[in-house]
Amino acid sequence: MRTNDEERMLGRLLIVDDDKLAMKQLEQALKKAGHAVTATQSGGNAQALLEKQPFDVVLAELNMDKVDGMQLLKRCRESHPDTEVILLAGGATLESAVEAMRQGAFHYLAKPCPPDEVRQVVAEALEKIRLRRERSRLREQVEGYQGAVRILTQDSRMQHLLDMARQVAPTDCNVLITGESGTGKELFARYLHHQSRRESGPFVAVNCGAFNEELLANELFGHVKGAFTGAHADKKGLLEAASGGTLFLDEITEMSPTMQVKLLRVIQEKEVLPLGATRPVKIDVRFIAATNRDVQEMVKQGGFRQDLYFRLNVVNLHIPALSARREDVPLLACHFLLKHAALMGKGVTELAADALDLLRAYDFPGNVRELENIIERGVAITTGHSIEPAHLPDDLRELSIRTFRKKAGRIPTLEKQEQDYIAWVLQEAGGNQTLAAQLLGIDRVSLWRKLKRYEVEKG
Ligand SMILES: Nc1ncnc2c1ncn2[C@@H]1O[C@H](COP(=O)(O)OP(=O)(O)OP(=O)(O)O)[C@@H](O)[C@H]1O
Ligand SMILES: [Mg+2]
């Protein structure tokens, strides 16, 4: 829906033509169509007007003394990207038309132009602006929504996890987040940060697996000028940069034993010593670490320091794999569909039922991130309003169908389950159909019909 303000805002036109008669005619035709029209005979004057107030569409004569239409077009493309330019020309040539379009004109009209045609072209330019604004508004909404860190779930264990996260967030407890790749560990870390009293402070994420020992030390601790050849200036480390906020240590188990000792010391002493510095710097940081590996096992095997593990794992949040909470698949799929449709500016609004069935049957080794990639790809390749099975990756289709078949062989049908349940209730009720119907919460006639049908099926 467009608001009145925007409605009013749209349709501010500027006409520039040194031919007074042509200018007047155009002005009249467009005023009649309800637009707010400003007209001038001078290109220089038009430039001054453009600096003073916004216009949606500029209609300019190509051939004018001093500042001509092409110059106005260039000026708009450089400084007023929202303004569309329509060029008009008396002696129109193919070359000038091509050049105008190449420079980013919305349209090129040969004079004399019939009023209807001008009005039509102006309407199209305004529609283009309207769509562009709508798209950027959607994009802002989507981005604002992401910025808010929303964790979507319908799963009771996840709900419990969220409750726990909300409880520990305001404390300064260090948290270790575990879970398979793509389950949302970083999302939870951001959530904890936003729910904490450190929200207005920085959230700094560092991937411990992405650097070798030396580089990671340099990233985390920083250095002073001259600490080594090439250290031309002081460099603040991420530990210091995160002070007052949260430091997210991703892939913590990839830290070398030496770095583990250094980090332990930082957590205990609450201070860092940049490389080459003589005095330590006090820091106030909340640590959230994450890993997709079995840390406890690593501690047992001696691959991760137990004391550091205890320091980081004051609270553990373990995020279940997506295949262990399949109810989240439709919810997340719809969320990602709307998100990527808005980002791409496409009118994709639906996930076809059979496409959803395939997703439900799939195991998602890459968890939520994989689901998001699949949906993003689907939105990108569909030409219609919905994502159909054909828009899902081939291997996913095959895998899902195989799992589905396997399960179909193993799991009894709903009808069969109902039949067995009714038989059991009837037995409990000593064969009394009225009582059995009461226990089942249906009326006697319905029960009788069901029994009849089962008999027919058996017979
Ligand atoms: N419950 C959820 N609701 C909404 N978006 C989610 C949810 N879980 C994960 N996501 C999204 O899925 C993507 C992957 O999540 P994230 O990066 O937090 O996973 P991760 O566990 O850190 O993965 P990795 O181990 O690969 O680093 C992100 O875009 C995240 O926003
Ligand atoms: Mg991550």
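Q: In this predicted model, which residue has a polar side-chain atom 2.7 Å from an oxygen atom of ligand 1?
A: Good place to start, since the model is predicted and the ligand site is well worth a look. A polar contact here needs N or O atoms within 3.5 Å. One pair at 2.7 Å joins an oxygen atom of ligand 1 to a polar side-chain atom, and the residue that supplies this side-chain atom is Lys185.

Q: How much of the accessible area of ligand 1 does the protein cover?
A: On its own, ligand 1 has 630 Å² of accessible area. With the protein in place, the covered share of that area is 84%.

Q: Which elements give two or more residues to the shell around ligand 1?
A: Try finding the helices that line the ligand in your viewer. One is helix 8, residues 185-194. The others that give two or more residues are helix 14 (328-344) and helix 16 (367-381).

Q: Which residues have a polar backbone atom 3.1 Å from an oxygen atom of ligand 1?
A: Here the backbone takes part, rather than a side chain. Gly184 places a polar backbone atom 3.1 Å from an oxygen atom of ligand 1. A backbone atom at 3.1 Å from a ligand oxygen also comes from Glu186.

Q: How many nonpolar, polar and charged residues are in the shell around ligand 1?
A: The shell holds 16 residues, and among those that come nearest are Leu152, Ser181 and Arg369. At least three shell residues come from domain 2 (156-320), and at least three from domain 3 (323-410). Sorted by class, the shell has six nonpolar, four polar and six charged residues.

Q: What distance separates the end C-alpha atoms of helix 16, and why does it agree with the expected span?
A: Helix 16 has 15 residues, and at 1.5 Å a residue it should span 21 Å. Its buried residues include Asn367, Leu371 and Ile375. The computed separation of the end C-alpha atoms agrees with that expected span, because it comes to 22 Å.

Q: Is Leu338 buried or exposed?
A: Leu338 lies in helix 14, and its C-alpha atom is 9.7 Å from that of Ile375, 37 residues away along the chain. To count as exposed, a residue needs over 50% relative accessible area. Leu338 has 52%, so it counts as exposed.

Q: Is Phe364 buried or exposed?
A: Phe364 sits in the loop between helix 15 (353-361) and helix 16. Its phi is near 50 degrees, a positive value in a residue other than glycine. The cut-off for buried is under 20% relative accessible area. Phe364 has 1%, so it counts as buried.

Q: Is Lys270 buried or exposed?
A: Lys270 also has a positive phi, about 55 degrees, although it is not a glycine. You will find Lys270 in the loop between helix 11 (257-269) and strand 11 (271-272). Its relative accessibility is 51%, so Lys270 counts as exposed.

Q: Which residue has its backbone nitrogen 3.1 Å from the side chain of Thr40?
A: Thr40 is part of strand 2, residues 36-40. Thr40 counts as buried because its relative accessibility is 6%. At 3.1 Å, the side chain of Thr40 reaches the backbone nitrogen of Ser42.

Q: What is the omega of the peptide bond from Lys111 to Pro112?
A: Pro112 belongs to the loop between strand 5 (107-110) and helix 6 (115-147). The peptide bond from Lys111 to Pro112 is cis, with omega near -5 degrees.

Conventions. Residues numbered from 1 in each chain as written. Chains lettered and ligands numbered in written order. Predicted model: local features only at pLDDT ≥ 70, side-chain atom pairs only at ≥ 80, totals over all residues. Heavy atoms only, no water. Near = heavy atom within 4 Å. Polar contact = N/O pair within 3.5 Å; in protein donor to acceptor, adjacent residues only side chain to side chain. Areas by Shrake-Rupley, 256 points an atom, 1.4 Å probe, with all protein chains shown as cover. Helix = DSSP H or I, 4+ residues; strand = E, 2+ residues; numbered from the N terminus. Nonpolar A, V, L, I, M, F, W, Y, C, P; charged D, E, K, R; others polar. Domains from an automatic or database assignment. Expected span 1.5 Å × (residues − 1). Buried < 20%, exposed > 50% of the residue type's maximum accessible area, 1.4 Å probe, protein only.
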